[in-house]
Amino acid sequence: MTAARRMLMASTSNMISLKHGISLWCPQSGSINQISQISSTGFASYRRRFTVSASSFANDNREFVIVGGGNSAGYAARTFVEHGMADGKLCIVSKEAYAPYERPALTKAYLFPTDKKPARLPGFHTCVGSGGERQTPEWYKEKGIEMLLEDPVTSLDIEKQTLRTDSGKLLKYGSLIIATGCTSSRFPDKIGGNLPGVHYIRDVADANSLISFLEKAKKVVVVGGGYIGMEVAAAAVGWNLDTTIIFPEDHLMTRLFTPFLARKYEELYRDYGVKFVKGASIKTLEAGSDGHVTGVKLGDGSIIEADTVVVGIGAKPAVTPFESVGLDNNLGGIQVDGLFRTSVPGIFAIGDVAAFPLKIYNRSARVEHVDHARKSAQHCVKALLTAHTDTYDYLPYFYSRVFEYEGCPRKVWWQFFGDNVGETVEVGKFDPKVATFWIDSGKLKGVFLESGSPEEFQLLPELARKQPSVEKAKIQSASSVEEALEIARASLQFEAAA
């Protein structure tokens with residue numbers, strides 16, 4: 001997402017949740033026999049090669065092709081460069097108008113008012129989000145990476161190993177990495193889902209359009225109480241706009257927040273003037289005589305006035321036109337194994353669009369989050385280019401940062417690691433810290449922390465991955481977040497010494 005490239009995690013067993021491929025590249029000439037081997041897992045270990053005519057294809061770089069222009073594509077490109085396999089070999093084809101960028105910025109700093117130092121490209125090209133080099137268009141050119149932008153792929157021919165783009169270009173690939181991410185879930189036209197003034201955010205063009213409306217808006221309605229809703233509403237506060245969040249659930253972020261956590265954040269947003277309409281359904285988006293949106297009509301017939309509406313009601317994996325490589329019907333994405341191989345030799349899928357084995361919890365998942373986008377890209381390319389065969393072992397991680405613009409008295413930055421299953425223990429008064437611990441069968445499964453120190457945030461993934469035995473009563477008795485974290489840390493040390 002955006003935001004957060006955003007990460008919602010879907011799982012076959014938990015609604016909350018959220019290749020060792022050897023590249024046998026296709027030369028521009030020469031005869032090659034077809035090679036196809038399927039591993040015991042049913043996923044392809046090798047790709048197929050064919051004799052091709054060099055003049056038939058629009059891309060010069062054909063050994064590796066990445067389809068997609070988001071976080072995963074940028075981090076995959078960096079990994080190809082690190083292995084010396086990008087120059088003259090790698091092509092990226094994308095519907096985006098820009099080189100890959102850190103998509104979470106679009107619902108955070110990109111939406112800041114102009115007097116509050118908003119983020120702008122080239123400032124947040126990948127891989128600055130993880131402390132890496134800023135990969136500007138010039139970087140791709142210097143590294144010998146071919147970029148085909150604003151030209152989405154519309155068809156795939158598995159047998160011929162070719163792609164067709166919207167402009168009609170025919171592309172050849174040796175190994176193909178699908179990194180198409182997600183598309184925004186939208187309201188249908190018949191209820192006003194595409195009226196002027198109604199916005200969805202997935203790319204820079206979407207965010208630019210929203211900003212142009214915020215500059216003259218008076219009343220903003222945000223539909224959806226998840227990441228997009230919370231982050232866009234926080235940005236609207238910075239523009240001093242009348243802001244209302246509407247959602248059908250009982251509280252914010254129901255996929256992660258406990259009622260206690262949600263109440264704390266809702267109170268903070270109310271302090272900033274944000275209004276909430278909970279448990280509501282949307283009947284229509286109303287239009288004025290000029291066709292512009294004027295309000296949101298709820299299921300009970302009431303109307304919330306608005307001149308700008310932002311819809312953040314989830315996302316769908318962008319699997320078209322790649323359905324033939326094999327989908328996970330439960331999770332909705334492209335099915336891959338622990339090395340991101342699909343069932344078709346030489347084709348891989350990474351990031352939001354991939355349904356992969358979540359090793360730590362022994363279930364399948366599809367994760368919509370920038371952290372997974374980065375790590376899955378790196379893991380896939382490393383496995384593709386080397387003898388690396390370790391199964392991807394991802395630890396679910398989510399975060400958000402809002403109200404970070406200048407002049408805001410209270411900034412919000414929270415992190416969550418692990419699995420939100422079992423009983424919960426809440427510690428802290430949100431002044432500014434608050435923590436939630438998820439304990440299942442005596443094991444610490446997940447940890448949420450608001451406004452932690454760098455050292456405290458660093459502890460969270462260790463706790464979530466090692467899942468130490470903890471006494472619920474001890475954490476409940478903690479007088480502060482710091483004390484509760486120390487109790488959890490001591491559990492780690494005890495088990496390490498045992």
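Is Ser-441 buried or exposed? In this predicted model, Ser-441 turns out to be exposed, with a relative accessible area of 74%. Its spot in the chain is the loop between strand 26 and strand 27 (443-450). The backbone there has a twist of its own: phi of Ser-441 is near 55°, a positive value in a residue other than glycine. That stands out because most residues other than glycine have a negative phi.

Gln-161 makes a handy companion case. Phi of Gln-161 is also positive, near 55°, and this residue is not a glycine either. Gln-161 sits in a loop as well, this time between strand 5 and strand 6. Its surroundings are another matter: the relative accessibility of Gln-161 is 2%, far below the 20% limit, so Gln-161 counts as buried.

The loop with Gln-161 leads into a little sheet. Strands 5, 6 and 7 form an open sheet of 3 strands, in the order 5-6-7 and with antiparallel pairing. Strand 5 (153-157) and strand 7 (170-172) are the edge strands; each has a single partner strand, so one side of each has no neighbour in the sheet. From one strand to the next, the twist averages 25°. Zooming in, strand 6 (residues 162-165) pairs with strand 7 in the antiparallel sense over 3 bridges. Thr-162, for instance, has Lys-172 of strand 7 as its bridge partner.

Stepping back to the whole chain, there are 10 helices and 27 strands. Of the 498 residues, 58% are buried. The chain exposes about 19,600 Å², and carbon and sulfur atoms supply 49% of that area.

What fills the inside? The largest nonpolar core has 81 residues, and the members that touch the most others are Leu-163, Leu-176, Phe-322 and Phe-437. Helix 10 (residues 481-497) gives the most to this core, namely 6 residues. There is also a second, separate core of 55 residues, with Val-220, Val-237, Tyr-405 and Val-434 among its members. Back in the largest core, Phe-322 is worth a look. Once its neighbours within four places in sequence are set aside, Phe-322 is in contact with Val-67, Val-153, Leu-156, Leu-163, Leu-176, Ile-178, Thr-180 and Ile-334.

Helix 4 (residues 204-214) shows how a single helix can be fitted into its surroundings. Its buried residues are Val-204, Ala-207, Leu-210, Ile-211, Phe-213 and Leu-214. These buried residues pack against three strands: strand 10 (198-199), strand 11 (219-223) and strand 17 (308-311). At the N-terminal end, Asp-203 acts as the cap of helix 4, with a side-chain oxygen 3.2 Å from the backbone nitrogen of Ala-205.

Finally, a word on prolines. Most peptide bonds are trans, yet cis bonds do turn up in this model, including the one from Leu-121 to Pro-122, with omega near 10°. Pro-122 belongs to the loop between strand 3 (90-93) and helix 3 (137-142). Another cis bond runs from Asp-431 to Pro-432, and omega there is near 5°. Pro-432 is found in the loop between strand 25 (423-427) and strand 26 (434-440).

Key. Residues are numbered from 1 along each chain as its sequence is written. This is a predicted model: local features need pLDDT of at least 70, side-chain atom pairs count only at pLDDT 80 or more; totals for chains, interfaces and linings use all residues. Side-chain values use heavy atoms; hydrogens and water are left out. A nonpolar core is a set of buried Ala, Val, Leu, Ile, Met, Phe, Trp, Tyr and Cys residues joined through side-chain atoms within 4.5 Å. Buried means under 20% relative accessible area, exposed over 50%, partly exposed in between (1.4 Å probe, protein chains only). Helices (H or I, at least four residues) and strands (E, at least two) are DSSP runs, numbered from the N terminus. Contact means heavy atoms within 4.5 Å. Two strands pair if DSSP finds at least two bridges between them. Axes are lines fitted to C-alpha atoms, for helices over the stretch in contact, and angles run from 0 to 180 degrees between N-to-C directions. Accessible areas come from the Shrake-Rupley method with a 1.4 Å probe; for residues, only the protein chains shown count as cover. A polar contact is a pair of N or O atoms within 3.5 Å; within protein, one must be able to donate a hydrogen and the other to accept it, and residues adjacent in sequence count only if both atoms are side-chain atoms.
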